[in-house]
Amino acid sequence: GRGSVVNTSDNLSKYDTMYQHCLAISSESSPNSISVGIRLADALMKEHHVCRANRFMRRVLEVSRRVHGADHELTKRAAADYARYMKRYVVTVVDQGRQYHFEALRYTEGGTKCVVRGPIIQPRNEDSEQIYIMPVGQILLGVGIPVVVAGLRYSTDLNGKVGDLRSWVEEAGCFMVHFEDERLEPRPVRQEYLQIVFEMPELEDATDAAVCSKGSRERSSSGSDRGSPGPTHDDTSGMLTS
């Protein structure tokens, strides 16, 4: 029935409102704020707001670890979620068009190849997986991956800009990229002009508002919101499979 359908956009709005309320009545270091912050980060991930989610989640983890300690239950929850969000999943198409899921680890050989681990079989057992080096043209990105634009000959102002892959535009054969810099409108970009972001770059002042909760920024007296984003909330959802 209709009541069983979860609207992830509504969840995002709900948890954002709840988090702002927590900040208004206490602080970002209170257990309630951290608990709601963890849920807010998850809601952001499910809506593919990956860059913002992971910068914010890093902040939540840093605060929880500093105030409550590494062994606190909330800190352990935040650390586990943050580690999961850091994963970058891709698909490879090989013989007879068969598709395999891998975790991308880093680029090598000047960015022409990618180091991957897999293939991933659910339930996942990383000990049974192997490391491969694949040409970048052999891997397909998926919705829910943070990217940086590179190599555009037109719209060169987009080169170097970081954003999220939030949807696949079938008719154009492109991903719709939503940029951290809110001055930029979402743009369709072909995969050949996109590179996976494995480590989030430092924020520019102009993009700060696009990334972190307003209340979190106002109550933060020090520390960076640098983080590493990742894919959607489970290991293989959001993959480009066609």
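**A walk through the predicted fold**

Glutamate 109 lies in the loop between β2 and β3. In this predicted model, glutamate 109 has a positive phi of about 50 degrees, although the residue is not a glycine. With a relative accessible area of 48%, glutamate 109 is partly exposed, because that class covers values between 20% and 50%. The turn that holds glutamate 109 belongs to a hairpin formed by β2 and β3, with four residues between the two strands.

The strands on either side of this turn can be followed next. β2 is made of residues 99–108 and β3 of residues 113–118; the two run antiparallel and are joined by five bridges. One pair across them is tyrosine 107 with its bridge partner in β3, cysteine 114. β2 also pairs with β1, again in the antiparallel sense, over six bridges. Here tyrosine 89 has glutamate 103 in β2 as its bridge partner. The hairpin of β1 and β2 has five residues between the strands, and in that hairpin glutamine 96 takes a positive phi near 55 degrees.

Ahead of β1 comes methionine 86, placed in the loop between α4 (73–85) and β1 (88–93). Its relative accessibility is 35%, so methionine 86 counts as partly exposed. The C-alpha atom of methionine 86 is separated by 9.6 Å from that of isoleucine 145, although the two residues are 59 apart along the chain.

After β3 the chain enters the loop that leads to β4 (130–135), where proline 119 is placed. The peptide bond from glycine 118 to proline 119 is cis, with omega near -5 degrees. Proline 123 has its place in the loop between β3 and β4 as well. The bond that joins glutamine 122 to proline 123 is also cis, and its omega is near -5 degrees.

The later strands lead to an open sheet. Five strands form it, in the order β9-β8-β7-β6-β10, with antiparallel pairing. Its edges are β9 (187–189) and β10 (194–196), each of which pairs on one side only. On average, neighbouring strands of this sheet are turned by 50 degrees against each other, direction ignored.

The pairings can be read strand by strand. β6 and β7 run antiparallel and are joined by three bridges; valine 147 stands opposite glycine 163 in β7. Between β7 and β8 there are six bridges, and the pairing is antiparallel. Leucine 165 has valine 177 in β8 as its bridge partner. β7 and β8 also form a hairpin with four residues between them, and glycine 173 in its turn has a positive phi of about 65 degrees. On the way to the edge, β8 (residues 174–179) is joined to β9 by three bridges, and the two strands run antiparallel. Valine 177 appears again in this pairing, opposite arginine 187 in β9.

Which helix packs on this sheet? Helix α3 (residues 50–68) does, touching β6 (146–149) and β7 (162–169). The direction of α3 makes about 140 degrees with that of β7.

Just before α3 stands histidine 48, in the loop between α2 and α3. Histidine 48 has a positive phi of about 65 degrees although the residue is not a glycine. Is histidine 48 buried or exposed? Its relative accessibility is 17%, so histidine 48 counts as buried, because the limit for that class is under 20%.

α2 and α3 also take part in enclosing a cavity. The structure holds two cavities of 30 Å³ or more, and about 30 Å³ of space lies in the second largest. Tyr19, Glu28, Ser33, Ile34, Arg59, Val60 and Val63 line that second cavity. α2 (31–46) and α3 each supply at least two residues of this lining, and the largest share, three residues, comes from α3. By character, the lining divides into four nonpolar, one polar and two charged residues.

Some totals place these parts in the whole chain. The chain has five helices and ten strands. Of its 242 residues, 43% are buried. Among contacts between residues at least 6 apart in sequence, 58% join residues at least 24 apart.

Terms used:
Residues are numbered from 1 along each chain as its sequence is written. This is a predicted model: local features need pLDDT of at least 70, side-chain atom pairs count only at pLDDT 80 or more; totals for chains, interfaces and linings use all residues. Side-chain values use heavy atoms; hydrogens and water are left out. Two strands pair if DSSP finds at least two bridges between them. Axes are lines fitted to C-alpha atoms, for helices over the stretch in contact, and angles run from 0 to 180 degrees between N-to-C directions. Contact means heavy atoms within 4.5 Å. On a 1 Å grid over the protein atoms alone, a cavity is a set of points where a 1.4 Å probe fits but cannot get out, and a pocket is an open set with protein on both sides within 12 Å along at least five of seven lines; lining residues have an atom within 4 Å of a point. Grid points are joined across faces, edges and corners, and a volume is the space filled by probe spheres set on the points. Ala, Val, Leu, Ile, Met, Phe, Trp, Tyr, Cys and Pro count as nonpolar, Asp, Glu, Lys and Arg as charged, and the others, Gly among them, as polar. Buried means under 20% relative accessible area, exposed over 50%, partly exposed in between (1.4 Å probe, protein chains only).
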